[in-house]
Amino acid sequence: MAATAPVPAGSVRLARRARSMPWAALLDVLLVVTFAALGRVSHSEETALTGAFMTAWPFLVGTVVGWTLVRGGSKNWPVTVAHGIPVWASTLIVGMLIRVVIGAGTALSFILVAGSVLAVFLLGWRWLAQRYATTT
């Protein structure tokens with residue numbers, strides 16, 4: 001019989017608190033839109049909210065796919081880093097695939113920057129939340 005690794009107490013506390021945290025979804029949406037808005041500003045493009053949403057929507061679809069994969073019908077929200085990794089990967093991969101289909105840019109440099117920024121955004125808050133949960 002294989003032994004299972006112990007789950008850090010902070011992760012357990014965070015998971016218990018997160019059972020009904022739809023704010024996690026809102027935070028992810030805000031961060032994906034922020035990523036898109038920052039990209040538009042860095043390229044001196046239109047900074048209107050609608051422009052940011054036009055850039056963000058493929059990635060938001062990917063985020064929803066990631067949440068669906070992680071939640072799998074459970075009532076728990078993907079608030080741990082372990083749950084955040086598939087959300088991040090789905091956000092990036094599905095977002096880029098949709099951009100290919102709609103004829104938007106998918107240069108390697110964009111993929112690398114998007115992957116890095118989205119990782120910091122989508123995994124960063126989860127890491128901080130887990131860190132906070134282990135100290136309380």
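These are my notebook entries on one predicted model, written down as I looked things up.

**Entry 1: the overall fold**

I began by asking how many helices and strands the chain has. I found 5 helices and 0 strands. Reading along the sequence, I wrote the pattern as α-α-α-α-α. Then I checked burial: of the 136 residues in the chain, 37% are buried.

**Entry 2: helix H2**

My next stop was H2, which runs over 23-42. I wanted to know what its 20 residues should span at 1.5 Å a residue. The expected figure is 28 Å, and the end C-alpha atoms are 28 Å apart, so the two agree.

I also listed who is buried in H2: Ala24, Ala25, Asp28, Leu31, Val32, Val33, Phe35, Ala36 and Arg40. Two of those names, Asp28 and Arg40, come back in later entries.

Trp23 is in H2 too. Is it buried, exposed or partly exposed? Its relative accessible area is 39%, and that falls between the 20% and 50% cut-offs, so I put Trp23 down as partly exposed. I also looked at its distance to Trp77: the two are 54 residues apart in sequence, yet 9.1 Å apart in space, C-alpha to C-alpha.

**Entry 3: the salt bridge**

I searched for salt bridges and got 1 for the structure. Arg126 makes it with Asp28, and their closest N and O atoms are 2.6 Å apart. Where do the two partners sit? Arg126 is in helix H5 and Asp28 is in helix H2, with their positions 98 residues apart, so I noted that the pair links distant parts of the chain. Both Arg126 and Asp28 turn out to be buried.

**Entry 4: more of H5**

While I was in H5, which covers residues 108-135, I looked up Gln130. Buried or exposed? Gln130 has 17% relative accessibility, so it counts as buried. I then checked its distance to Thr80, 50 residues away along the chain, and the C-alpha atoms are separated by 6.5 Å.

**Entry 5: the largest pocket**

I moved on to empty space. The largest pocket holds about 340 Å³. Its lining has 16 residues, and those nearest its centre are Gly39, Arg40, Ser42, His43 and Phe110. Which elements give two or more residues to this lining? They are H2 and H5. H2 provides the largest share, 6 residues. Arg40 is on my buried list for H2, and here Arg40 is again, among the residues nearest the pocket centre.

**Entry 6: helix H3**

H3 covers 49-71. I picked out three of its residues: Thr50, Leu60 and Leu69.

- Thr50 has a relative accessible area of 55%, so I call it exposed. Thr50 and Ala37 are 13 residues apart in sequence, and their C-alpha atoms are 9.7 Å apart in space.
- Leu60 has 16% relative accessibility, which means it counts as buried. Its C-alpha is separated by 9.7 Å from that of Ser90, 30 residues along the chain.
- Leu69 comes out at 61% relative accessibility, so it counts as exposed.

**Entry 7: the nonpolar patch**

Leu69 led me to a nonpolar patch on the surface, which it forms with Met54, Trp57, Val61, Val65, Val101 and Ile102. Together these residues have about 680 Å² of accessible area. Which helix gives the most to the patch? It is H3, with 5 residues. H4 takes part as well: H3 and H4 each supply at least two residues.

**Entry 8: helix H4**

I finished with H4, residues 81-102. H4 has 22 residues and reaches 31 Å from its first C-alpha to its last, close to the 32 Å expected at 1.5 Å a residue.

Its buried residues are Gly84, Val87, Ser90, Thr91, Leu92, Gly95, Met96, Ile98 and Arg99. Ser90 is the residue I had compared with Leu60 in the H3 entry.

What follows H4? Gly103 does, and its phi is positive, near 80 degrees.

Notes. Residues are numbered from 1 along each chain as its sequence is written. This is a predicted model: local features need pLDDT of at least 70, side-chain atom pairs count only at pLDDT 80 or more; totals for chains, interfaces and linings use all residues. Side-chain values use heavy atoms; hydrogens and water are left out. Helices (H or I, at least four residues) and strands (E, at least two) are DSSP runs, numbered from the N terminus. The expected span of a helix is 1.5 Å times one less than its number of residues. Buried means under 20% relative accessible area, exposed over 50%, partly exposed in between (1.4 Å probe, protein chains only). Patches are made of residues with over 30% relative accessible area and no salt bridge: like charges are joined within 9 Å, nonpolar side chains (Val, Leu, Ile, Met, Phe, Trp, Tyr) within 5 Å. Accessible areas come from the Shrake-Rupley method with a 1.4 Å probe; for residues, only the protein chains shown count as cover. A salt bridge is a side-chain nitrogen of Lys or Arg within 4 Å of a carboxyl oxygen of Asp or Glu. On a 1 Å grid over the protein atoms alone, a cavity is a set of points where a 1.4 Å probe fits but cannot get out, and a pocket is an open set with protein on both sides within 12 Å along at least five of seven lines; lining residues have an atom within 4 Å of a point. Grid points are joined across faces, edges and corners, and a volume is the space filled by probe spheres set on the points.
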